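User: Please take a close look at one part of this structure, starting from a single residue and its partners. Then place it beside a few other sites, and explain each term when you use it.

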Amino acid sequence: MTKNGKNEIDENKHSHSSQDSRSLPPSERLLRPRQVTVLLVDDQPIVAEAVRRMLAPEDDIAFHYCQDPTQAIAQANALEPTVILQDLVMPELDGLTLVRFFRVNPATREVPLIVLSTKEEPMVKAEAFGVGANDYLVKLPDRLELVARVRYHSKGYIAHLERNEAYRALAESRQLLADEIAEAAKYVRSLLPAPLTSGPVRVDWRFVPCTQLGGDSFSYHWLDDEHFAVFLLDVSGHGVGSSLMSVSALNILRSQALPRTDFRDPGQVLAGLNAAFDMEQHDNKYFTIWYGVYRPSTRQLTFAGGGHPPALLWSSPAPHDAALKQLDSQGPLIGMIPEMEFEAGTVELAPAARLLLFSDGVFEIEQANGEMWTFDEFVAWLRTLPPGQSVMERLWQHAQTLHGSDQLTDDFSIVEIEF
């Protein structure tokens, strides 16, 4: 046998390609079986042969040998042993120093290390444990004891590796899910209309999704030259199912795809939605909605709602003395009660009018003290703002202050219309 730092004794059965396994993603590495793999570092080939013979009857243990301690770190990095056996007295490198090297090397920092020594002295043992050894054997140990300790330390280390890989796989899966949810949220946002900055109706909005994929959506468009429709809906729950249902309802409303429905009549629109989205046929999901149609020639706004928070209207001849009025949502939740009729209301708008549509995520905010901000408190706060000015940015800033974070627990959806 030569002393060139290579394995002096043929690696016996069950050698594995651990270098290849490290290139696999965590989810696949988690599934591969792990074998008890021993790396012996000792300058005496006769000791290596003795240890090899002790382990040879064990079919599930792979044995590897490094005679040159200066090559031990590199060999361990390539091999990924589950336990290292190491002599304390070697001519080219002090054994305790090598233990320290193993412990600062990232690939071997946590690999169980059993020191082999001819000395039984307590001080030597204490020093070995002090620099990072996990166990201590006086060589040559009894075969049964050696096998038992190799198995014991390897079993614990393999369990540690599998737990870490399970955590990494879980983190990877969570990241993939987060990426998919972000992509879905991006798609939902792409469906939202651009603000209207000129014309008889001017519209702006704010949409800040929560950490989960939500069920809010809204839109506005001209039905014809005389009728402008605007709506905001909120599907129950969170996640992909709620978002899909929200997008489905949004597309139906924008394409006016409800049969036998006059989209200039909010009551008919909600009745059509209620028939189309029976919750028993949609995984027990339902949604709320506020739908309005404005006619500029008469300055009349006709509206209807199903289970949705009331819209808020400022309307007066002069912006500075506009009174705040609630346009209530009288109807039931959409999809909850089959064959329902929905009544529409009408209000005539003054020359200076502004309408606020929103989902409940705008005011149902858990405050830093654990209490919920109520709708009445929300309306009272709006009354304190200067009249005639946009409230959306102020409201978003106030919501973050109340919650103590910029990540709310529900979508923050609000549409502001000036007539």
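Analyst: E49 is buried, because its relative accessible area of 19% is under the 20% limit (exposed is over 50%, partly exposed lies in between; 1.4 Å probe, protein chains only). The model is predicted, so local features need pLDDT of at least 70 and side-chain atom pairs pLDDT 80 or more, while totals for chains, interfaces and linings use all residues. Residues are numbered from 1 along each chain as its sequence is written, and side-chain values use heavy atoms, without hydrogens or water.

E49 shares helix α3 (residues 45-55) with R52; helices are DSSP runs of H or I with at least four residues, strands are runs of E with at least two, and numbering starts at the N terminus. Three residues, or about one turn of the helix, separate E49 from R52. Their side chains meet in a salt bridge, with N and O 2.8 Å apart; the term requires a side-chain nitrogen of Lys or Arg within 4 Å of a carboxyl oxygen of Asp or Glu. R52 is partly exposed, because its relative accessibility is 23%.

What else does E49 pair with in a salt bridge? The partner is R53, and the closest N and O atoms of this pair are 2.8 Å apart. R53 and E49 are four residues apart in α3, so about one helical turn lies between them. R53 itself is exposed, since its relative accessible area is 57%. Thus a buried glutamate, E49, is bridged to R52, which is partly exposed, and to R53, which is exposed. In general, side chains of opposite charge can pair when their charged atoms come close.

How many salt bridges does the rule give? The count comes to 18. One of them joins E120 and K125, with the closest N and O atoms 2.4 Å apart. K125 is partly exposed, because its relative accessibility is 24%. Elsewhere, E58, D60, R143 and R151 are linked in a network of salt bridges.

H153 offers another kind of pairing. It lies in helix α7 (residues 143-190) and is buried, because its relative accessible area is 12%. The side chains of H153 and D135 are joined by a polar contact of 2.9 Å. That term means a pair of N or O atoms within 3.5 Å; within protein, one must be able to donate a hydrogen and the other to accept it, and neighbours in sequence count only if both atoms are side-chain atoms. D135 is also among the residues that H153 touches (heavy atoms within 4.5 Å). The others are T82, V83, P112, I114 and N134, leaving out residues up to four places away in sequence.

E393 in helix α11 (residues 392-403) has a polar contact of 2.3 Å with R206, side chain to side chain. E393 is partly exposed, because its relative accessibility is 37%. The C-alpha atoms of E393 and W205 are 9.7 Å apart, although their positions lie 188 residues apart along the chain.

M245 belongs to helix α8 (residues 240-255). It counts as buried, because its relative accessibility is 6%. Apart from residues up to four places away in sequence, M245 touches V235, F277, H282, K285, Y286 and F287. Its C-alpha atom is 29 Å from that of E418, which is 173 residues away along the chain. A further set of contacts links two helices: A72, I73 and A76 in α4 meet L98, F101 and F102 in α5.

Some backbone details remain. Most residues other than glycine have a negative phi, and most peptide bonds are trans. The bond from K139 to L140 is cis, with omega near -5°, and L140 sits in the loop between β5 (135-138) and α7. D283 is not a glycine but has a positive phi, near 55°, and its place is in the loop between α9 (266-276) and β9 (287-295). D283 is exposed, because its relative accessibility is 64%. N284 is found in the loop between α9 and β9, and its phi is positive, about 60°, although it is not a glycine. N284 counts as exposed, because its relative accessible area is 52%.
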